[in-house]
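Me: I would like to go through this structure slowly, asking what stands behind each term that is used for it. Please set each value against its definition before you conclude.

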Amino acid sequence: MSLTLGELAGQIRGDLQQGDPDCLIGAVATLQNARPGDISFLANPGYRKYLQSTQASAVILKQEDAADCPTAVIVSSNPYASYARAAALIVPAAPAHQGVHPSAVLDADCAVDEKAWVGPNCIIEKGAVVHAGVQLAGGCFVGAGSTIGAGSRLAANVVVCHDVTIGERVNIAPGAVIGSDGFGLANEDGRWLNVPQLGSVSIGDDVEIGSNTTIDRGALDDTVLEEGVRLDNQIQVAHNVYIGAHTAIAGCVGISGSAKIGRHCMIGGGSGIVGHLEIADRVVITGMTMVTKSITSPGVYSSGVPAQENEAWNKTYARMRQLDKLARRLSKLERSLAAKDDDE
């Protein structure tokens with residue numbers, strides 16, 4: 001879809017400060033690969049080196065970078081967000097379908113809105129409700145009693161287990177599993193007993209869930225994702241976890257049971273969160289961090305060890321192994337000095 005620069009600037013909350021407002025834009029591209037007719041953006045200072053040589057017809061950037069841009073400029077206080085809006089306008093989502101594919105299997109007691117789409121080989125069980133505009137791609141499973149809110153999109157092979165509630169405009173990527181049994185076990189005389197998982201999963205509006213992410217149902221109460229949550233690929237959300245609105249979690253994070261994560265948090269990839277703790281609103285956890293106790297104040301928290309050359313790491317690790325011995329020696333020396341001071 002092509003838009004003029006003037007139209008585009010108005011719709012992405014930007015200010016067209018130089019360039020022809022009637023110039024047509026039909027594609028988005030990076031600064032280094034853009035061609036005439038494309039729009040690009042500068043949000044990361046690391047890419048500023050490509051600005052002066054870009055062939056884009058226009059660039060979205062901050063005011064302080066405008067003077068160095070050789071082409072049309074749309075100034076934005078948040079260039080990346082403005083670019084996201086531009087990309088959505090120029091390359092819109094695939095059009096919604098309606099109807100039921102002949103190979104889909106629908107229980108007689110489910111309810112599928114006539115404006116929804118149920119793709120090939122989908123299965124919808126008894127009592128499930130699929131609202132208007134829902135798009136179920138091939139191979140999706142919707143369990144008994146579950147509800148899929150209006151305008152939600154489930155990509156291929158998404159599994160929604162029984163009695164799950166999914167809000168409106170939720171996007172779920174291929175292979176995600178919502179509402180599988182949580183890891184509830186009781187030990188009796190050295191043998192494991194399964195604890196029935198009697199809760200479910202409740203997902204708010206405008207949530208996005210990445211490929212092969214799993215969200216377990218609650219043991220008694222529900223596992224909850226509030227509105228606007230963003231989950232990357234291959235995340236494990238255990239039973240009774242609560243994730244506050246607009247929190248974003250990167251790939252391969254593991255969240256143990258009954259952890260409560262606040263609103264507007266950001267959790268880096270590969271991090272682990274121990275169960276039964278709480279994380280305050282607006283907390284940033286950097287990648288590979290292990291959270292073992294509650295975080296009560298906003299801020300940035302880290303525990304991962306950055307990579308370094310192998311030889312240097314071997315020396316660092318060797319010294320780390322001596323820390324306990326050194327601490328004991330230091331404590332002994334401090335006691336000795338304190339005793340000497342007392343004698344004097």
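Reply: Let us begin with contact, which means that heavy atoms lie within 4.5 Å. The model is a predicted one, and every value below is computed from it.

Me: Which residues is Leu231 in contact with, leaving aside its neighbours within four places in sequence?

Reply: By that cut-off of 4.5 Å between heavy atoms, Leu231 is in contact with Glu208, Ile209, Gly210, Thr213, Ile215, Leu225, Val237, Ile243 and Ile249. Leu231 also belongs to the largest nonpolar core, which has 50 residues, and is one of those that touch the most other members, together with Leu136, Ile203, Ile243, Ile255 and Ile279. Strand S24 (201-203) and strand S37 (283-285) each supply at least two residues of this core.

Me: What makes a set of residues a nonpolar core, and which residues are among those of the other core?

Reply: The residues must be buried, of a nonpolar kind such as Ala or Ile, and joined through side-chain atoms within 4.5 Å. Another core, lying apart from the largest one, has 13 residues, among them Ile39, Ile74, Ala86 and Ile90. In soluble globular proteins, nonpolar side chains tend to be buried together.

Me: Why is Asp65 called buried?

Reply: Buried means under 20% relative accessible area, and Asp65 is called buried because its value is 12%. Asp65 is placed in the loop between S6 and strand S7 (72-75), where, not counting residues up to four places away in sequence, Asp65 touches Leu42, Arg48 and Leu51.

Me: Why is Met320 called partly exposed?

Reply: Partly exposed covers what lies between under 20% and over 50%, and the relative accessible area of Met320 is 41%, so Met320 is partly exposed. Met320 lies in helix H3 and, with Tyr317, Leu323 and Leu326, forms a nonpolar patch on the surface, with about 390 Å² of accessible area together. The elements that give two or more residues to this patch are helix H3 (310-321) and helix H4 (323-343).

Me: Why do Asp189 and His276 count as exposed, and what is the sign of phi in each?

Reply: Exposed requires over 50%; Asp189 has 77% relative accessibility, so Asp189 counts as exposed, and His276 has 68%, so His276 is exposed too. Most residues other than glycine have a negative phi. Asp189, however, has a positive phi of about 55°, and the phi of His276 is near 65°, again a positive value in a residue other than glycine. Asp189 lies in the loop between strand S22 (185-188) and strand S23 (191-194), whereas His276 lies in the loop between S35 and strand S36 (278-279).

Me: How do you know that strand S4 (residues 27-28) and strand S5 (residues 38-41) pair?

Reply: Pairing needs at least two bridges, and two bridges join S4 to S5, so the two strands pair, running parallel. Ala27 has Asp38 in S5 as its bridge partner, and Val28 stands opposite Ile39 in S5. Both strands belong to an open sheet of five strands, in the order S2-S7-S6-S5-S4, with mixed pairing.

Me: What makes S9 and S38 edge strands?

Reply: Strand S9 (105-106) and strand S38 (290-291) are edge strands in that each pairs on one side only. Their open sheet has ten strands with parallel pairing, in the order S9-S12-S15-S18-S21-S26-S29-S32-S35-S38. S38 pairs with strand S35 (residues 272-273) over two bridges, and there Gly272 has Met290 as its bridge partner.

Conventions: Residues are numbered from 1 along each chain as its sequence is written. This is a predicted model: local features need pLDDT of at least 70, side-chain atom pairs count only at pLDDT 80 or more; totals for chains, interfaces and linings use all residues. Side-chain values use heavy atoms; hydrogens and water are left out. Patches are made of residues with over 30% relative accessible area and no salt bridge: like charges are joined within 9 Å, nonpolar side chains (Val, Leu, Ile, Met, Phe, Trp, Tyr) within 5 Å. Accessible areas come from the Shrake-Rupley method with a 1.4 Å probe; for residues, only the protein chains shown count as cover. A salt bridge is a side-chain nitrogen of Lys or Arg within 4 Å of a carboxyl oxygen of Asp or Glu. Helices (H or I, at least four residues) and strands (E, at least two) are DSSP runs, numbered from the N terminus. Buried means under 20% relative accessible area, exposed over 50%, partly exposed in between (1.4 Å probe, protein chains only).
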